[in-house]
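Here are a few notes from going through this one, meant to be read with the structure open. Have a look and follow along.

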Amino acid sequence: MNGADIAFPNLGISIPELPKGITIGGFTIAFYGIIMAASMMAGLWIACLQAKRTGQNKETYLDFAIYGIIFSLIGARLYYVIFSWDSYKDDLLQIFNTRGGGMALYGSVIAGILTAVIYCRVKKYNFFLMADTAVAGLILGQIIGRYGNFFNREAFGEYTNGLFAMRLKVSEVNPASITDMMREHMQTIDGVSYIQVHPTFLYESLWNVGVLILILVLIKKKKFNGEIFILYMVGYALGRVWIEGLRTDQLQIGSSGIAVSQMLAGVIAVVGSGIWIFVRIRLRRRTVV
């Protein structure tokens with residue numbers, strides 16, 4: 001396991017060499033981008049399957065995907081830039097330098113939902129039916145997409161020596177994400193410095209597998225349009241609340257020390273649960289009457 005680019009020492013897993021991309025004709029294509037593209041295609045595929053199963057026209061989802069993907073990418077970048085403004089305010093052109101990193105998943109989700117609301121309003125589709133159909137694809141995309149963070153050696157948590165602890169070369173990670181605790185437990189192997197951290201990308205991906213399974217089980221048993229969408233939002237948010245708390249690269253509200261994505265996730269989980277309970281009670285009362 002000595003000299004490995006990435007290792008999970010307590011699982012006995014070692015990856016000797018793991019590049020961040022491939023070079024073709026002098027142009028480097030980041031694995032992050034390849035994985036993002038694959039996640040979008042997989043998400044669209046399962047959304048179309050759900051549309052076919054429920055008797056909807058899959059062309060509607062293929063048409064929406066053009067707008068959804070474009071604005072989701074813009075939203076992911078805007079969310080990151082807004083909450084990292086100090087890094088961009090003195091050089092605004094860097095906002096457009098996406099190859100330098102800086103995308104936020106929550107921004108992508110928010111932009112995608114807003115795009116769907118506008119799209120459905122223009123096309124006169126039922127937004128909640130469309131949302132129920134599409135969320136299985138959305139969560140699958142998130143499951144796959146998180147492995148882009150793995151290749152980039154980013155979105156990890158604090159030091160740990162737990163079962164899933166991940167060891168990374170210090171030279172391969174963003175120095176701003178290295179904490180004092182990581183430095184205290186830093187290891188040097190064959191003259192190379194390593195940190196050992198929580199693989200939060202893996203935690204979130206596995207959590208989202210559970211959310212996807214829940215969605216696929218309940219989608220045939222839903223009581224109202226929008227129920228699966230609400231359950232997705234609550235399920236995803238609950239996972240994000242605790243996982244975001246482990247990360248060392250949190251986007252924070254100014255200098256408050258409050259992680260914006262963690263706070264947003266908490267609000268979504270509470271509000272979403274309240275809406276779900278309220279609607280369920282109303283439907284039950286109607287049935288009794």
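1. In this predicted model, α9 gives the largest share of the lining of the second largest pocket, 5 residues. The elements that contribute two or more residues to that lining are α8 (227–244) and α9 (260–288).

2. If you want to click through the wall of this pocket, start with Phe128, then go to Phe224, Asn225, Gly226, Phe229, Ile230 and Met233, and carry on to Ile268, Val271, Gly272, Ile275 and Val279. The space in there comes to about 250 Å³.

3. What classes of residue make up the lining of the second largest pocket? Going by class, 9 are nonpolar and 3 are polar, and there are no charged residues. Gly226 and Gly272 are among the lining residues, and glycine is counted as polar here, so don't read too much side-chain chemistry into the polar tally.

4. Over to the strands. β5 (residues 166–169) pairs with β7 (residues 192–197) through 4 bridges, in the antiparallel sense. To get the register by eye, find Leu168, whose bridge partner in β7 is Ile195.

5. β7 also pairs with β6 (residues 187–189): the two run antiparallel and are joined by 3 bridges. Here Gln187 is the residue to look for, as it stands opposite Tyr194 in β7.

6. β6 and β7 form a hairpin, with 2 residues between them. Check the turn while you are there: Asp190 has a positive phi of about 55 degrees.

How values were computed:
Residues numbered from 1 in each chain as written. Predicted model: local features only at pLDDT ≥ 70, side-chain atom pairs only at ≥ 80, totals over all residues. Heavy atoms only, no water. 1 Å grid on protein atoms, 1.4 Å probe; cavity = no way out; pocket = protein on both sides within 12 Å on 5 of 7 lines; lining within 4 Å. Points joined across faces, edges and corners; volume = space filled by probe spheres on them. Pairing = 2+ DSSP bridges.
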